[in-house]
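Got a minute to walk through a chain together? Have a look at the sequence and the structure below, and then we'll take it question by question.

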Amino acid sequence: KTVTIPVVKSPFGSLDSVVTSTGKVSVTGWAIDPNTSNPISVHVYVGSRVTPFTANVSRGDVGQAFPASGPNHGFAGDISGVSGTQQVCAYAISVAGGSNTTLGCKTVTIP
């Protein structure tokens, strides 16, 4: 028999902004997994603390750039943070068992 083994592609996207205010970090970005047109999970770390998001917010710019996936792949939210200098990193979580992808990291100072 001949079988076809599907190619698993890794997700991609961007951590667009990281803004701090007293005791919190606000993040925005987008993520797409080419193995599905559905929204995917994004994990954002502030230091060693992880906060999960779902990339399901409408982003017209993303929909125009990737019309096969549609516009509902943005994420945005606030995360509590410990005062001081912290590393903020976002990861797109693969739905098909491929590699999770780093969307970006930024070092910030939380007041």
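Q: Is aspartate 78 buried, exposed or partly exposed?
A: This is a predicted model, so the value is computed from predicted coordinates. Buried would need under 20% relative accessible area, and exposed would need over 50%. Aspartate 78 comes out at 48% relative accessibility, so the label is partly exposed.

Q: Which residue forms a salt bridge with aspartate 78?
A: The rule asks for a side-chain nitrogen of Lys or Arg within 4 Å of a carboxyl oxygen of Asp or Glu. Here the closest N and O atoms are 3.4 Å apart. The partner of aspartate 78 is lysine 24.

Q: How many residues apart in the chain are aspartate 78 and lysine 24?
A: Aspartate 78 sits in strand 6 (residues 72-80), while lysine 24 belongs to strand 2 (residues 24-32). That makes the pair a link between distant parts of the chain. The separation is 54 residues.

Q: What is the relative accessibility of lysine 24?
A: Lysine 24 falls in the partly exposed class, and so does aspartate 78, at 48%. For lysine 24 the value is 31%.

Q: How many bridges join strand 2 to strand 6?
A: These two strands run antiparallel. One of the bridges puts valine 25 opposite isoleucine 79 in strand 6, and tryptophan 30 has glycine 74 as its partner in strand 6. The count for the strand pair is seven.

Q: What is the strand order in the open sheet of four strands?
A: Strand 2 pairs with strand 6 over seven bridges. Strand 6 also pairs with strand 5, in the antiparallel sense, over two bridges. Strand 1 and strand 5 stand at the edges. Put together, the order is 1-2-6-5.

Q: Why is one side of strand 1 and of strand 5 left without a neighbour in the sheet?
A: The sheet is open, with antiparallel pairing. Strand 1 and strand 5 stand at its edges, so the reason is that each has a single partner strand.

Q: Which residue in strand 6 is the bridge partner of serine 58?
A: Strand 5 and strand 6 share just the one antiparallel pairing to look through, over two bridges. Serine 58 finds its partner in strand 6, namely asparagine 72.

Q: Where does arginine 59 lie?
A: Strand 5 covers 57-58 and helix 1 covers 60-65. Arginine 59 is in between, in the loop between strand 5 and helix 1.

Q: Is arginine 59 buried or exposed?
A: The cut-off for buried is under 20% relative accessible area. Arginine 59 has 19% relative accessibility. Its contacts beyond four places in sequence are Asp16, Gly29, Trp30, Pro71 and Gly74. With that accessibility, arginine 59 counts as buried.

Q: Which residues are joined into one network by salt bridges that share partners?
A: Arginine 59 forms a salt bridge with aspartate 16, with the closest N and O atoms 2.9 Å apart. Arginine 59 lies in the loop between strand 5 and helix 1 and aspartate 16 in strand 1, so the pair ties together parts that are 43 residues apart in sequence. Arginine 59 also forms a salt bridge with aspartate 61, at 2.8 Å. The network is made of Asp16, Arg59 and Asp61.

Q: What is the relative accessible area of aspartate 61?
A: Aspartate 16 counts as partly exposed at 32% relative accessibility. Aspartate 61 is partly exposed too, with a relative accessible area of 43%.

Q: How many salt bridges does the rule give?
A: Arginine 59 pairs with aspartate 16 and with aspartate 61. Aspartate 78 pairs with lysine 24. The count comes to three.

Q: How far apart in space are threonine 101 and aspartate 33?
A: Threonine 101 is found in strand 8 (residues 101-110). In sequence, threonine 101 and aspartate 33 are 68 residues apart. C-alpha to C-alpha, the distance is 9.8 Å.

Q: What percentage of the residues of the chain count as buried?
A: The chain has one helix and eight strands, running β-β-β-β-β-α-β-β-β from the N terminus. It holds 111 residues, and the buried share is 37%.

Definitions and conventions. Residues are numbered from 1 along each chain as its sequence is written. This is a predicted model: local features need pLDDT of at least 70, side-chain atom pairs count only at pLDDT 80 or more; totals for chains, interfaces and linings use all residues. Side-chain values use heavy atoms; hydrogens and water are left out. Buried means under 20% relative accessible area, exposed over 50%, partly exposed in between (1.4 Å probe, protein chains only). Two strands pair if DSSP finds at least two bridges between them. Contact means heavy atoms within 4.5 Å.
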